[in-house]
Amino acid sequence: RGMAGKMKQGVRRLTGTATPTVDTKEAAAVRAAPSAYVKGVTEELLLHVAMEYSIPHLGYDSQFMYGGLGKVVDIFLRNWPGPIALCAPLYAEAYDSPDAMAPKFAHSPTPDMSFTVAVNFEQIPVDVFVFEDKNVIYIMLQADIFRDRVRGTIYTFGSEEEMLTWMSVFNQAVATVLMTFNIKRVQFHDYHGTLSLLYLPPTQRPEVLYVAHNAHYNGVFPMPTKERR
């Protein structure tokens with residue numbers, strides 16, 4: 001509980017506010033004139049939020065996984081009997097080259113939605129690519145802070161500030177997705193995306209299922225610093 005409180009304070013410190021930073025006009029525009037791929041994202045869709053995942057029908061079985069969490073998410077994506085959605089970061093393996101403007105499996109180089117989040121008084125751009133594969137709708141988040149990571153470095157952070165910056169960008173982006181599509185049901189895999197709930201307006205309170213994949217960490221990333229040792 002102490003670390004969770006520290007992370008909550010850290011996110012507020014880095015962003016300067018615990019209120020949404022999403023441009024509500026842009027969110028309304030996306031809802032008013034959605035692309036063919038965004039139209040499948042409905043309020044009643046069960047949205048999974050995770051840092052690890054697979055895109056099994058495109059041959060990405062373990063490239064975006066670190067361990068057991070990704071395997072559990074993979075089971076959902078392969079076997080869920082009805083429509084399901086996933087919101088997750090895009091990592092290095094998703095691109096043909098380091099300077100690619102979009103993931104290689106995107107339907108278009110133009111993102112379905114773009115916005116900025118505020119961290120340490122800096123506006124950080126985030127692009128969202130939506131595509132459907134079988135019965136799964138992927139809502140993928142692109143940002144510079146995500147895209148350099150590979151399978152073995154998903155949870156590697158050099159400092160607490162880097163960790164909190166990453167978490168702030170990720171959670172604000174997830175909150176933006178939740179607000180844009182007025183998602184009513186969310187399943188969080190571990191705590192990584194749960195702070196997104198802090199950014200939602202009081203009028204939006206989705207039903208939440210929280211799955212703790214490894215309670216041992218208690219909200220702490222293993223960081224290779226002398227202080228942490």
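Are tryptophan 166 and phenylalanine 170 buried or exposed? Both residues are buried in this structure, which is a predicted model. The points below begin with the aromatic residues around this pair, continue with two arginines placed over rings, and then turn to the sheet and the helices that pack on it.

**Aromatic pairs and the cluster**

- Across the whole structure, a search finds eight aromatic pairs, and one of them is formed by phenylalanine 146 and phenylalanine 170, whose rings meet edge-to-face with 6.2 Å from centre to centre and 85° between the planes.
- This pair links distant parts of the chain, since phenylalanine 146 belongs to helix α4 (residues 144-147) while phenylalanine 170 belongs to helix α5 (residues 160-181), and the two are 24 residues apart.
- Phenylalanine 146 counts as buried because its relative accessibility is 0%, and phenylalanine 170 likewise counts as buried because its relative accessibility is 0%.
- The pair of tryptophan 166 and phenylalanine 170 is classed as tilted because the planes of the rings lie at 50°, with the ring centres 5.4 Å apart.
- Tryptophan 166 and phenylalanine 170 are separated by about one helical turn, because they stand four residues apart in helix α5.
- Taken as a group, Phe146, Phe157, Trp166 and Phe170 form one aromatic cluster.

**Arginines over aromatic rings**

- Phenylalanine 157, a member of that cluster, has the charged end of arginine 149 sitting over its ring, at 4.3 Å from the ring centre.
- Arginine 147 lies over the face of tyrosine 95, at a distance of 3.9 Å from the centre of that ring.

**The sheet and the helices packed on it**

- Seven strands make up an open sheet with mixed pairing, and their order across the sheet is β3-β4-β5-β2-β1-β6-β7.
- At the edges of the sheet are β3 (113-119) and β7 (207-211), each of which pairs on one side only, and from one strand to the next the twist averages 25°.
- Helix α3 (residues 68-79) packs on the sheet, where it touches β1 (46-49), β2, β5 and β6 (185-189), and the direction of helix α3 makes about 145° with that of β6.
- Helix α5 also packs on the sheet, touching β1, β2, β3, β4 (122-133), β5 and β6, and the direction of helix α5 makes about 135° with that of β3.

**Strand β5 and its two neighbours**

- Strand β5 is largely enclosed by the rest of the structure, because seven of its seven residues are buried.
- The side chains of β5 divide between two directions, with Val136, Tyr138, Met140 and Gln142 pointing one way and Ile137, Ile139 and Leu141 pointing the other way, and all of these residues are buried.
- Strand β2 (residues 84-89) runs parallel to strand β5 (residues 136-142), and six bridges join the two; among the bridge partners, cysteine 87 is matched with isoleucine 139 of β5, and proline 89 is matched with leucine 141 of β5.
- Strand β4, by contrast, runs antiparallel to β5, to which it is joined by seven bridges, including one that makes isoleucine 137 of β5 the partner of glutamate 132.
- Strands β4 and β5 form a hairpin with two residues between them, and lysine 134, which lies in the turn, has a positive phi of about 60°.

Notes: Residues are numbered from 1 along each chain as its sequence is written. This is a predicted model: local features need pLDDT of at least 70, side-chain atom pairs count only at pLDDT 80 or more; totals for chains, interfaces and linings use all residues. Side-chain values use heavy atoms; hydrogens and water are left out. Rings of Phe, Tyr and Trp (its six-membered ring) pair if their centres lie within 6.5 Å; planes under 30 degrees apart count as stacked, over 60 as edge-to-face and the rest as tilted. Buried means under 20% relative accessible area, exposed over 50%, partly exposed in between (1.4 Å probe, protein chains only). A charge sits over a ring if NZ of Lys or CZ of Arg is within 6 Å of the ring centre and within 35 degrees of the ring normal. Two strands pair if DSSP finds at least two bridges between them. Axes are lines fitted to C-alpha atoms, for helices over the stretch in contact, and angles run from 0 to 180 degrees between N-to-C directions. Contact means heavy atoms within 4.5 Å.
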